[in-house]
Amino acid sequence: MNALATPPLEAPDIHLVRAAEGWVELGLPDEAELELSQLSPAVREHPAVLDVRWQLHAARREWNLAHEAAELLVSLAPGELAGWIHRAYAARRMGGGGLQKAWDALRPAVEPFPEEALVPYNLACYACQMERLDEAREWLARARQIEDAATVDRMALADEDLKPLWPELRS
């Protein structure tokens, strides 16, 4: 979260958000939702809250609700990469979504996040799944320029989205 644009959460809200994160990590989204329901109304659209809300909905596979949380997160904190990644992930899976919607949701993040390998990496995944393999190769090469190439290759070789590129990645 951009500390200059968004004030930090204070007690008791910060404790409720941390507890909700813990519940989600434990695979207990209902408990996380209970924690979030106790938040002060003034902080319910705080970026940290929206991030946990996205995690909660993703854990439940409520992709339309996850997309709404991520969309709001991007609009309120556009300098936070998580919102962009979350939005694209949910756009792929939500009703009426798909790979092109995920692509369209993430592609605008390239310019504001030139040093984040996760953006071109995920674009490579989406391009690969849309059978645009040359484009996928270009995005993966871009991710390898930003992040350690061996690390990116290990990720790619474990990622089913990039399976069509596995033979050339292994060589």
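## Cavity, pocket and helix H7

The largest cavity has a volume of about 30 Å³. This is a predicted model, in which local features need pLDDT of at least 70 and side-chain atom pairs count only at pLDDT 80 or more, while totals for chains, interfaces and linings use all residues. Residues are numbered from 1 along each chain as its sequence is written, and side-chain values use heavy atoms, with hydrogens and water left out.

On a 1 Å grid over the protein atoms alone, a cavity is a set of points where a 1.4 Å probe fits but cannot get out; a pocket is an open set with protein on both sides within 12 Å along at least five of seven lines; lining residues have an atom within 4 Å of a point. A volume is the space filled by probe spheres set on the points, which are joined across faces, edges and corners.

The structure holds one cavity of 30 Å³ or more. Val110, Phe113, Pro114, Pro120, Arg142 and Ile146 line the largest cavity. The largest pocket has about 160 Å³ of space. Its lining is made of Trp54, Ile85, His86, Tyr89, Arg92, Arg93, Asn122, Cys125, Tyr126, Asp159 and Asp161. H5 and H7 are the elements that give two or more residues to this lining, and H5 gives the most, with five residues. Helices here are DSSP runs (H or I, at least four residues), numbered from the N terminus.

The table sorts both linings by class: Ala, Val, Leu, Ile, Met, Phe, Trp, Tyr, Cys and Pro count as nonpolar, Asp, Glu, Lys and Arg as charged, and the others, Gly among them, as polar.

| Lining | Nonpolar | Polar | Charged |
|---|---|---|---|
| Largest cavity | five residues | no residues | one residue |
| Largest pocket | five residues | two residues | four residues |

Helix H7 covers residues 118–129. Its twelve residues should span 16 Å at 1.5 Å a residue, and the end C-alpha atoms are 16 Å apart, which agrees. The expected span is 1.5 Å times one less than the number of residues. Ten of the twelve residues of H7 are buried (under 20% relative accessible area, 1.4 Å probe, protein chains only), so H7 is largely enclosed by the rest of the structure. Among the buried residues are Pro120, Asn122, Cys125 and Tyr126. What covers the buried residues of H7 includes helices H5 (81–93), H6 (99–106), H8 (133–146) and H9 (149–157). After H7 comes Glu131, with a positive phi near 65°.

Notes. Buried means under 20% relative accessible area, exposed over 50%, partly exposed in between (1.4 Å probe, protein chains only). Contact means heavy atoms within 4.5 Å.
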